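Biologist: I have a new structure to read and would like some help. Could you walk me through it, one feature at a time?

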Amino acid sequence: MLSTSIDKLPKTASRTTQRLHAMGVHTYEDVLHYYPFRYNDFSVVSPIGQVQPGETVTIRGTLESIKVVPTRSRITIQKATLRDDTGKIELIWYNQPYLAKILESANCISASGTIESFGKSVIMKPVEYEPLEFIDSKTKHTGRIVPVYPSVYGLSSKTIRDKVCHVLDAVFENPEDSIEFIPDDILKEYGLISLDRAIQTIHQPTKMADVEIARKRLGFDELFVRILSSKLIKQRWSKEQTTAPINLTDARKKEIQSFISRLPFTLTNAQQKATDEILIDLQKSNPMNRFLQGDVGSGKTVVAAIAAYAAYLNKKQTLIMAPTEILALQHFATISSLMKKLDLKVALQTGSHKDIVSKKTAADFDIIIGTHALISAKYDFRDVGLVVIDEQHRFGVKQRALLKEKGLNPHLLTMTATPIPRTVSLTLYSELDLSLIDELPKGRKRIKTYVTPPAKRTAGYQWIAKQIEEEKIQVYIICPLIETSEHESMTSIKAAKEEYEHLKKDVFPKLNVALLHGKLKAKEKEEVMNQFNAGKYHILVSTSVVEVGVDVPNATIMLIEGAERFGLAQLHQLRGRVGRAEKQSYCLLFTTQQYRNSSRLTFFAKTTSGLELSEYDLKLRGPGEIYGTDQHGYSDLKIADLTDSKLVFQAKKAVDSYLKKYSVEKTPNLKRIIDSYQLNLIDKN
Ligand code: ADP
Ligand code: MG
């Protein structure tokens, strides 16, 4: 019954089914999970003779008359008189010319709305109405707490309600056919009501207080299904054999140790711990799936480099993928220098550096660094032992599948752009093992951040010029985000060019200023970055392309124009470009008069922890927008709130006890949900 297609709904126009499909509602089960977003309480039914102005009520009676009143404008008014044993009342609608037809043939009518006074009499402009066969027939749209559904694609809440009522009747017709999928003992332990009751209640509550109890159950389910699904993926992965077991003999461990001791710095404790966790994983015969989280500047790259070195000692290749060319370039420079003097071949492979790695030579390199396109490239790699994905929130199911298609099942290390709240990693990433770098290298000073209103702009520029002269430091100036599209539009580029000209000519005429934007050719970008890195430019004016990962330790001032237009995570990333060495660094948030006291910017200025920022952001915006969960099929958190850590931890505990005692395979109601969830995951990823 649950998997019945909505095409089978009786008395339903094909236009309606098409619209339901477009809303992602394909089966009866989907209909049940299309929840109302609010309710109108029309449960008070009153005799017509007793209604009072201001009351919200339902009235029932027979139709005495209905007429269309023409007006001078295009508006039409429909007036009906409704009568019961106690009196009569006028009902008024606007612009519903079809109404007379619907109502004329009805024996009785039930109408809900608020009573208004009109001269000496009272009227109602019904919010809901429905024809009844008998005066005491069961009602759907009136005479009860009436759910209001999000109506999209022109489908009215009333139509949706109608379909929901039908599906509820059909699914719950036979009380034996429960849709429940969580065992009783778990429901009891967490004080949850049955799914059958929760679904019936959310659509047809008898009292408003019950709605919360239903929502708790349904929200719990959303988390339960996601966590369980991740755990099942994890179980499946753990049974797989890696194509690249890495054997760390004592001699090799020594070599790794000496590699670490030759680094230009000592690893922080957190880096060391993450490294140890990774090295343990690499020696296992099933592939690593590890998620390395650490704030910007916490030193994730070197941890990845150590892992790559371990793979190299086993004659395995490592692929390192970054989201942008500039970043790949940067990694190439960093890793080449870490690996110099070693007999190890590092290659860069991006759109503009294609010549190095070819189908033929791919086997010759030990570390190949490129953009995310590497994964789909058609090279004959020799023996990929490790894949590192940098600065990406999500890498997992789909990418594993892609690698597998090539016969690869390597160890996998994903690194985040920004630390994410524990509730989020638990729910959305729990198929991955987590390593956390929760400290910054020693000697880093807190980046001083100031919100700078227009009045202080000139002083800000003067201060920057002085800093450059006295401290010999370098500066980033980020141009405002004109549009929020992923790719830079020509408008943004033009604005950046103008800003650059203005800064160069009018503000910093004596300084060397460079411009970087996404539409430059890769070679040009590279040239600009190299020159900036080498200290040839004082100031780098850029669109937000320097957003992730760029590492120029001598740059200590980050000026962000139009700061109010950036998201918190993005601001944090931008700010993370400075403060990469021991010098005091600064971040100036240039903003308009209107935003000078913005609570978001103020919070950002006083908070340097990426984790705290992402928790704040999660409360502010919800996970869909931040983690791109919508695009990735992780959405449909219609009810559950990822800031509700109590519920998240409960769901996690429940999943653990479920897996100990029960089997999804033996619970068809759950299996169907998990399967469709996982399919959706792969489709959209
Ligand atoms: P992120 O985690 O943001 O990717 P990076 O790997 O780019 O950070 O490292 C930031 C900077 O810190 C780099 O310049 C790197 O060389 C330096 N670094 C990394 N680890 C340490 C350490 N333990 N001590 C001092 N500096 C370090
Ligand atoms: Mg990085």
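Modeller: Gladly! Let's begin at the ligand, where a backbone N or O atom of Gly299 lies 3.1 Å from an oxygen atom of ligand 1. Keep in mind that this is a predicted model.

Biologist: Which other polar atoms should I look for around ligand 1, and at what distances?

Modeller: Start with Thr301: an N or O atom in its side chain is 2.6 Å from an oxygen atom of ligand 1. Then turn to Thr266, where a polar backbone atom sits 2.8 Å from a nitrogen atom of the ligand.

Biologist: How much of ligand 1 does the protein cover?

Modeller: The general idea first: the size of an interface is often given as the accessible area lost when the parts come together. Here, ligand 1 on its own has 570 Å² of accessible area, and the protein covers 85% of that.

Biologist: Which residues come nearest to ligand 1?

Modeller: There are 16 residues around ligand 1, and those that come nearest are Thr266, Gly297, Thr301, Arg444 and Asp551. Sorted by class, the shell holds 7 polar, 5 charged and 4 nonpolar residues.

Biologist: Now the whole chain. What domains does the assignment give?

Modeller: Three ranges are listed: 44-143 for domain 1, 250-437 for domain 2 and 448-607 for domain 3. Taken over C-alpha atoms, the centres of domain 1 and domain 3 are 63 Å apart.

Biologist: I also see sheets. In what order do the strands of the open sheet with 7 strands run?

Modeller: To read a sheet, follow the strands from one edge to the other. In this one the order is β11-β12-β10-β13-β14-β9-β15, and the pairing is parallel. The edges are β11 (346-349) and β15 (433-437), each pairing on one side only. On average, neighbouring strands here are turned by 20° against each other, ignoring direction.

Biologist: How many bridges join β10 to β12?

Modeller: Strand β10 (residues 317-322) and strand β12 (residues 367-371) run parallel and are joined by 5 bridges. For one to find on screen, look at Thr318, whose bridge partner in β12 is Ile367.

Biologist: And why is one side of β16 and of β18 left without a neighbour in the sheet?

Modeller: Their open sheet has 6 strands with parallel pairing, in the order β16-β21-β20-β17-β19-β18. Because β16 (448-452) and β18 (513-516) stand at the edges with a single partner strand each, one side of each has no neighbour in the sheet. The twist from one strand to the next averages 20°. Inside this sheet, 4 bridges join the parallel strands β17 (residues 474-478) and β19 (residues 539-542), and the bridge partner of Ile478 in β19 is Ser542.

Definitions and conventions
Residues numbered from 1 in each chain as written. Chains lettered and ligands numbered in written order. Predicted model: local features only at pLDDT ≥ 70, side-chain atom pairs only at ≥ 80, totals over all residues. Heavy atoms only, no water. Domains from an automatic or database assignment. Near = heavy atom within 4 Å. Polar contact = N/O pair within 3.5 Å; in protein donor to acceptor, adjacent residues only side chain to side chain. Areas by Shrake-Rupley, 256 points an atom, 1.4 Å probe, with all protein chains shown as cover. Nonpolar A, V, L, I, M, F, W, Y, C, P; charged D, E, K, R; others polar. Pairing = 2+ DSSP bridges. Helix = DSSP H or I, 4+ residues; strand = E, 2+ residues; numbered from the N terminus. Axes fitted to C-alpha atoms, helices over the stretch in contact; angles between N-to-C directions.
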